[in-house]
Each structure stands twice: as structure tokens, then as C-alpha cells.
Amino acid sequence: MMGANWIPADAIPSRITPAVVRDLLESAKAANMNMLRIWGGGQYEPDYFYELCDELGILIWHDFMFACMSYPSDREFLDDVRVEITQQLRRLSHHACIALWCGDNEVIGSLGWYPETMAAPERYVANYDRLNSMLGRIVEDEDPARRFWPSSPSMGYLDFSDGWHADTRGDTHYWDVWHSAKPFEAYRTVNPRFASEFGFQSFTSMNVIETFAEPKDRNPSSPVMENHQRNEGGNARILETMTRYFRFPSNFDQMVFLSQIQQGLAIKTAIEYWRSTKPRCMGTLYWQINDIWPVASWASLDYGGQWKLLHYMAKRFYLPISVVAVPDPETGDIVLRGINDTADKAGVLLDLLAVKISGGERVLHTGQTSIGVNAAKDLYAVAKGDLAADEFLFFGWRDADGNLLGENDFFPTAYKNYEATPTQDQGEMVKQ
């Protein structure tokens, strides 16, 4: 599965129209996504949403609308929930797009977030199980052909352990790169079976910022910009990360643009590695595809549907036939792995170059190979010492008829370590 998490299309429900939703869903399809997860903190979508997903071939991981807190389990509440879930299943189960019903978003994990639940964990686990088991029974009765998954994340039925950090089974929400400020490379230290939530923020695009911030407010620590950031410390985290990988930009516009580049690189690092581990990892759904208002966030589409840099990059890292570069932590070699998500054996011609930042390139490898059905395999390894300090990898792959299927690159060290050289045209412009 390749895709993202879906939240309501707008903070003001009257603005959510079939045209708005179609535009967002068509952007998902255009970026090679085949699944969206309807997050349990959002809403059950209108009929036309599911009809559009049927039409576009987008599968839905569907949370029930419970998220991030403990819910009652008394008879009155459970009776109310039973009516709600039964109604939704009868309304939606005929849609081809529904792939899986999920009990909730992060409810079992939230028992460790609040003083009341932490003070009596046994009571609240039992409380949780009453509601969750009822949801499973309703799915079994109303839509028996589809899987019920207890929660996201979850390590399995009646397993109430930590699905955020364990990667041995079930689905994982991996947030250490954003919330714990770990480097992008930390994504390669975990090996989930299905990564259903992970993300990294950027500022919304400059033309969107201009709709809510006057020139005097276009500063990442201004009250206006901080009010358009709903994750505490989010703007500071974006900027701190920027200093790890880049030389700091010279103005606000460049900073906004660079924040979107680094967001794309963060998610690219995760998804390329996890896809390369298949069949261990068979799904990546990043947080999130869309926004409900104009704001700095984890979304790959701006409020209004405009593509951010991450969405353009998703179109590339979600190519069904792809080649990625993955460092070997033991040897330091850079291993190129081919990924084939199609139902047919894929023959590819790989061209691998070492490119100097200052100009010039050399061929490291050209070779024909095949990748099995729905598989990943090693194609070539670049030894640790084969690249000069100012070189990076650029590679493309073609089919048997010579048609270009995709291109990619890999920088062995942080971008700030490379000395960019102005082109002749840029030099002439400076002189003039």
C-alpha cells in the first residue's frame, strides 16, 4: 500500500463540496497512491467521497471515529455506538474501496497520556476492551468479508502493548523524527510491517502565506506565523532541522521553500527505505495528504489543494517500479535496490552516475536486470570509498524498450557540506 492519511477537507463543513474532494483525491491518484487512511479523529465522509474512491481505484483504511482519549463503556454509550457503527457499515460496506475497518486512532496508547488513565491502567484497559470488542463483533456481523483491525497502531488482537516503537508485527506510528527531533536517517533504524502514520512538517507555500500574513508578519517567530502552527514548538523544529542539513537561507521566501524541500526529503528517506524491505514492510501511509486550513503542517497538499514539494516527490518515490539507494550500516556501502509493485516481472536497465557538484560526471554502472513480481532486490553496491567528497549518485532506469521509468539521486552526506558552484550564466548575471 502506498498513500497517506486523510483528514476532513475543510474546517468549515459547508466548504466541503464534491469538486473540492475530487480535486484532492485526483491529486492522490496522480501521486501513485493506492490507499488513504480516514483518520479516527475526523469524520465519516459523505457518500460521494467513497464513490469517487471507487472510481479512482483508491483503497480506504477506515478508522471508526474514536481518537486519542478513553471513551465510556456504560450501557447507554455502547448502545449509542452500536447504532452509529451499524448504520455506517450498512451505508458503506458495498463500496469496493473499503479495504479494512479499524477500531480507532491511538486510543489504547492514550491511556498513558492522562493522569486519570495512568492512575488506574487496569480499569481503563478493561474499559477499552469492552468498546473495542463490540466494534469487532459488529464488523463480523455486518461486513464479515472484511478485516477488523483493533486500533492504529496495534500489534494485534487483545495486544495492548506499545505500537509506536515496536516494529515486529501489526502497524506502526513512528514519530521520533518529528516529535523527538531525531535525524532523517533514524527512519532506517526501524523496520515496520506496515507504517500507517509518520510525518514531518513544512511551512505552507508562500502564495498561501500571503493570504494571512502581511509583509511585517513574515517571520517564523511572529505571532501570526506561530498562530498558524498548531504543534507546540513546530516552527522551531523546522528551523533547527534546517541547520542540520542545509546552510541557512538568506530570506523568508527561501526559508519557506527550503522547509518544503526538507519535508519531502524526510518522507522520501522513510518511504524509500521501507519499500525496499518488502515483503517485510507492505504499506506506508504518511501523515498527511490534506489540510483543513492554511497552516504550517505535515500535509503534502496546501489548504485549497495546491501541491507542495512533498507531493511532487511522492509521485516519484511511489513509482510502482522504482530504484532506491540505501546505505549499509555495517559496511558503509550504498546499495541500490530495485522495487517492483506490479503483478508482472519487471525488466530494467539501470544507469548509475557519480556526479560532481562543481560539474562533470562518470559512469559507475550500467546493467540490465529483472525484478520479480511484487518484490524488491539488490541491484548494485557502491563501495564506501568509490565516491569523492564532492560527488553524489544520480541514477535512472528504463524498460526493455528504452522508455525512461524513473530517476533518483542520493547524497551521502548533508547538503550543507557541498560547495555549490555558480553556473556561467549565474556568474554573468552577478557581474552585470
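Visitor: Where is Asp302 found?
Guide: This is a predicted model. The stretch to look at is a loop that starts after β8 (284-286). Asp302 is found in that loop, between β8 and α12 (309-317).

Visitor: Asp302 is buried; what is the nearest side chain of opposite charge?
Guide: Asp302 has no salt bridge. A salt bridge needs a side-chain nitrogen of Lys or Arg within 4 Å of a carboxyl oxygen. The nearest side chain of opposite charge is 4.7 Å away, and it belongs to Lys308.

Visitor: Which side chains does a polar contact of 2.7 Å join, and which does one of 2.6 Å?
Guide: Asp302 takes part in both contacts. The 2.7 Å contact joins the side chains of Asp302 and Thr204. The 2.6 Å contact joins the side chains of Asp302 and Ser205.

Visitor: How much space lies in the largest pocket?
Guide: The volume here is that of the largest pocket. The figure is about 860 Å³.

Visitor: Which residues are closest to the centre of the largest pocket?
Guide: The lining of this pocket has 38 residues. By class, 22 are nonpolar, six polar and 10 charged. Closest to the centre are Glu185, Arg188, Val326, Pro327 and Phe410.

Visitor: Which element gives the most to the lining of the largest pocket?
Guide: Elements that give two or more residues include the strands β9 (321-327), β10 (334-340) and β15 (404-410). Another is α11 (252-276). With six residues, the top contributor is α11.

Visitor: How much space lies in the second largest pocket, and which residues are closest to its centre?
Guide: About 690 Å³ of space lies in the second largest pocket. Its lining has 32 residues. Closest to the centre are Trp39, Glu106, Glu197, Trp287 and Trp298.

Visitor: How do the residues of the lining of the second largest pocket divide?
Guide: Three classes are counted for the second largest pocket: nonpolar, polar and charged. The split is 17 nonpolar, 10 polar and five charged.

Visitor: How many cavities of 30 Å³ or more does a search of the whole structure find, and how much space lies in the largest?
Guide: The search finds one cavity of 30 Å³ or more. The space in the largest cavity is about 90 Å³.

Visitor: Which helix gives the most to the lining of the largest cavity?
Guide: The cavity is lined by 14 residues, with Tyr71, Asp104, Val107, Tyr128 and Leu131 nearest its centre. By class, nine are nonpolar, four polar and one charged. Giving six residues, the top contributor is helix α6 (residues 121-142).

Terms used. Residues numbered from 1 in each chain as written. Predicted model: local features only at pLDDT ≥ 70, side-chain atom pairs only at ≥ 80, totals over all residues. Heavy atoms only, no water. 1 Å grid on protein atoms, 1.4 Å probe; cavity = no way out; pocket = protein on both sides within 12 Å on 5 of 7 lines; lining within 4 Å. Points joined across faces, edges and corners; volume = space filled by probe spheres on them. Helix = DSSP H or I, 4+ residues; strand = E, 2+ residues; numbered from the N terminus. Nonpolar A, V, L, I, M, F, W, Y, C, P; charged D, E, K, R; others polar. Buried < 20%, exposed > 50% of the residue type's maximum accessible area, 1.4 Å probe, protein only. Lys, Arg positive; Asp, Glu negative; His and termini not counted. Polar contact = N/O pair within 3.5 Å; in protein donor to acceptor, adjacent residues only side chain to side chain.
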